[in-house]
Amino acid sequence: MRLTPLLLLLALCGCLAVSFRRPQTVEESLKERGLRDYYLDVKNAFALGDAQALAALFDPAITKPMTRAQVLAWGNKFFAEHGAARFHIEKLEVLELGYRHGLTRLTYKVETKSGKGDFGGVELDTFTRRSGRWLMTSWEKVP
């Protein structure tokens, strides 16, 4: 008799774990994987201290918050002062994902060997997909 309420409680708890979300299609999974691969390319650019590789990940038409040329100049200065660094993703959420458009919320840290150039935060990143490759078109800090 005591077991029945416990089983009922467990059954109810189990129902709360059921997901009614539509399963991802193969195409959606590949697009999401492409966005995640983008951040692996960012990680590699920081690990190599390669400002050119970092700037190449941004859309040539980017203007917000800086242009591609400004990203390259920032990267050259950053890597000259601090050398290669560790780009660490703490949390990545894909908020929107279309055929040519993506939006993510990224929580990250960049750690330099000396610790003097460390930075991080949370940002909303907007992407466009060209020739099967994701490029960042803008980003903004989230307070």
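**Exercise 1. Ala51 and its surroundings**

Classify Ala51 as buried or exposed, then find what it touches.

*Solution.* Start with the accessibility: Ala51 has a relative accessible area of 5%. The cut-off for buried is under 20%, so Ala51 counts as buried. Keep in mind that this is a predicted model. Next, place the residue: Ala51 sits in helix H3. Now list its contacts, skipping residues up to four places away in sequence: Leu72, Gly75, Asn76 and Phe79. Finally, check one of these partners by backbone distance. The C-alpha atoms of Ala51 and Asn76 are 5.4 Å apart, although 25 residues separate the two along the chain.

**Exercise 2. How far to trust the model**

Work out what the confidence scores say about the protein, and where pLDDT stays under 50.

*Solution.* Take the average to begin with: pLDDT comes to 86 for the protein. Then look at the spread, where 78% of the residues score at least 70. Now go for the weak stretch: over residues 15-19, pLDDT stays under 50. In the model, that stretch has zero contacts beyond four places in sequence.

**Exercise 3. Laying out the sheet**

Give the strand order of the open sheet and pick out its edge strands.

*Solution.* The sheet has four strands, in the order E1-E2-E3-E4, and the pairing is antiparallel. E1 and E4 each pair on one side only, which makes them the edge strands. For the twist, ignore direction and average over neighbouring strands: they are turned by 30° against each other.

Now zoom in on E1 and E2. These two form a hairpin with three residues between them, and their antiparallel pairing runs over 11 bridges. You can check the register at two places: Val94 stands opposite Thr104 in E2, and Phe87 has Val110 in E2 as its bridge partner.

Last, add the helix. H4 lies across E1, E2, E3 and E4, and it runs at about 20° to E2.

**Exercise 4. The nonpolar core**

Find the residues with the most contacts inside the largest nonpolar core, and say which element supplies the largest share of it.

*Solution.* The largest nonpolar core has 25 residues. Inside it, Tyr38, Phe46, Phe58 and Phe87 have the most contacts. Then ask where the core residues come from: H2, H3, H4, E1, E2 and E4 each supply at least two. H2 gives the largest share, with six residues.

Take Phe46 as a worked case. Leaving out residues up to four places away in sequence, its contacts include Leu54, Trp74, Phe78, Phe79 and Phe119. Phe46 also touches both Phe87 and Val110, the pair you met as bridge partners in the hairpin.

**Exercise 5. Sorting the salt bridges**

Go through the salt bridges, saying which elements they join and how exposed the partners are.

*Solution.* The structure holds seven salt bridges. Here are some of them.

1. Glu140 and Lys64 meet through their side chains at 3.3 Å, N to O. This pair links distant parts of the chain, 76 residues apart: Glu140 is in strand E4, and Lys64 is in the loop between H3 and H4. Glu140 has a relative accessible area of 39%, so it is partly exposed. Lys64, at 42%, is partly exposed too.

2. Lys77 and Glu81 have their closest N and O atoms 3.9 Å apart. Both residues lie in H4, four residues apart, or about one turn of the helix. Both are exposed.

3. Glu93 and Arg105 form a salt bridge at 3.4 Å, N to O. The partners are 12 residues apart, with Glu93 in E1 and Arg105 in E2. Their relative accessibilities are 25% for Glu93 and 29% for Arg105, so both count as partly exposed.

4. To finish, there is a network: salt bridges link Arg86, Glu90, Lys109 and Glu111.

Note on methods. Residues are numbered from 1 along each chain as its sequence is written. This is a predicted model: local features need pLDDT of at least 70, side-chain atom pairs count only at pLDDT 80 or more; totals for chains, interfaces and linings use all residues. Side-chain values use heavy atoms; hydrogens and water are left out. A salt bridge is a side-chain nitrogen of Lys or Arg within 4 Å of a carboxyl oxygen of Asp or Glu. Buried means under 20% relative accessible area, exposed over 50%, partly exposed in between (1.4 Å probe, protein chains only). Two strands pair if DSSP finds at least two bridges between them. Axes are lines fitted to C-alpha atoms, for helices over the stretch in contact, and angles run from 0 to 180 degrees between N-to-C directions. Contact means heavy atoms within 4.5 Å. A nonpolar core is a set of buried Ala, Val, Leu, Ile, Met, Phe, Trp, Tyr and Cys residues joined through side-chain atoms within 4.5 Å. pLDDT is the predictor's confidence in each residue, from 0 to 100.
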